[in-house]
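Biologist: Please pick one part of this model and take me through it closely, residue by residue where that helps. Put it in the setting of the whole chain before you go into the detail.

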Amino acid sequence: MIKLQESGENYLETILVLKNKNGNVRSIDIANELGYSKPSISRAMTILKNAEYIIIDESTGHITLTDKGYNIATAMYERHQILSTYLISLGVSPDVATQDACRIEHVISEETFERIRQNTIIKD
């Protein structure tokens with residue numbers, strides 16, 4: 001299996017967050033959230049659809065994560081939340097911690113992430 005690129009992981013995570021926030025997700029919602037052009041998002045959604053990470057309802061344009069896409073999205077979201085919290089606990093400002101966590105979540109080893117997870121308390 002080919003590993004999904006960082007941008008693909010970010011799109012899936014964004015779809016999950018928007019779905020939880022708004023209920024339904026369309027390409028324009030993703031474009032607005034990420035500040036990307038509609039054509040860029042459309043191309044990315046086609047790639048994710050062809051790789052079976054998402055389903056796009058042809059009549060409404062609503063985007064739904066497949067089980068495969070959902071598993072990646074939730075893993076990335078969890079990493080993002082835990083890494084942000086961890087960095088903030090070290091004294092990093094919330095804005096910088098969020099930006100850094102977004103980059104780190106894609107490259108950190110499972111071993112290192114597990115150690116951080118074991119030592120980080122997430123407050124709801």
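Modeller: The charges come first: the protein carries 13 positive and 17 negative ones, and the mean positions of the two sets are 2 Å apart. This is a predicted model, and every value below is computed from it. The exposed surface comes to about 7,800 Å², with carbon and sulfur atoms supplying 52% of that area. Of the 124 residues, 34% are buried.

The overall dimensions are quickly given. The C-alpha trace spans about 45 × 30 × 25 Å along its principal axes. A compact globule of 124 residues would have a radius of gyration near 14 Å, so the 15 Å of this protein agrees with that expectation. The protein has 6 helices and 2 strands, and along the sequence they follow the pattern α-α-α-β-β-α-α-α. Among contacts between residues at least 6 apart in sequence, 52% join residues at least 24 apart.

The part I would look at closely is the loop that holds Thr66, together with what this residue touches. Thr66 sits between strand E2 (63–65) and helix H4 (67–89). Is Thr66 buried or exposed? Its relative accessible area is 15%, and the cut-off for a buried residue is under 20%, so Thr66 counts as buried. Its side chain reaches the backbone oxygen of Glu52 at a distance of 2.8 Å. Once neighbours within four places in sequence are set aside, the residues in contact with Thr66 are Glu52, Tyr53, Ile54 and Ile55.

Glu52 is the other end of that 2.8 Å pair. Glu52 belongs to the loop between H3 and strand E1 (54–56). Unlike the buried Thr66, Glu52 is exposed, with a relative accessible area of 54%. The backbone of Glu52 also deserves a check: phi is positive, at about 65 degrees, although the residue is not a glycine. Most residues other than glycine have a negative phi. A positive phi also appears just after H2, at about 75 degrees, but there the residue is a glycine, Gly35.

Ala51 lies in the loop between H3 and E1 as well. Its relative accessibility is 28%, so Ala51 counts as partly exposed. Ala51 and Leu87 are 36 residues apart in sequence, and their C-alpha atoms are 33 Å apart in space.

From Thr66 the chain goes on into helix H4 (67–89), and Ile72 lies in that helix. Tyr53, already met as a contact of Thr66, is also in contact with Ile72, together with Leu4, Glu9 and Leu12, again leaving aside neighbours within four places. Ile72 has a relative accessible area of 21% and is therefore partly exposed. Between the C-alpha atoms of Ile72 and Ala97, 25 residues apart along the chain, the separation is 21 Å.

Glu9 is one of those contacts of Ile72, and it belongs to helix H1 (residues 6–22). It is an acidic residue with little accessible area: 7%, which makes Glu9 buried. The side chain of Glu9 makes a polar contact with the side chain of His106, at 2.4 Å.

H1 also has a partner in helix H2 (residues 27–34): the buried residues of H2 pack against H1, helix H3 (38–50) and E2. Those buried residues are Ser27, Asp29, Ile30 and Ala31.

At the other end of the sequence, Ile122 is in the segment after helix H6 (110–118). Apart from neighbours within four places, Ile122 is in contact with Gln81, Ile82 and Thr85. With 36% relative accessibility, Ile122 counts as partly exposed. The C-alpha atoms of Ile122 and Val25 are separated by 27 Å, and the two residues are 97 places apart along the chain.

To return to the chosen part: Thr66 is buried in the loop between E2 and H4, and its side chain reaches the backbone oxygen of Glu52. Glu52 itself is exposed and has a positive phi.

Note on methods: Residues numbered from 1 in each chain as written. Predicted model: local features only at pLDDT ≥ 70, side-chain atom pairs only at ≥ 80, totals over all residues. Heavy atoms only, no water. Helix = DSSP H or I, 4+ residues; strand = E, 2+ residues; numbered from the N terminus. Buried < 20%, exposed > 50% of the residue type's maximum accessible area, 1.4 Å probe, protein only. Polar contact = N/O pair within 3.5 Å; in protein donor to acceptor, adjacent residues only side chain to side chain. Contact = heavy atoms within 4.5 Å. Rg over C-alpha atoms; globule rule 2.2 N^0.38 Å. Areas by Shrake-Rupley, 256 points an atom, 1.4 Å probe, with all protein chains shown as cover. Lys, Arg positive; Asp, Glu negative; His and termini not counted. Charge placed at Lys NZ, Arg CZ, Asp CG, Glu CD.
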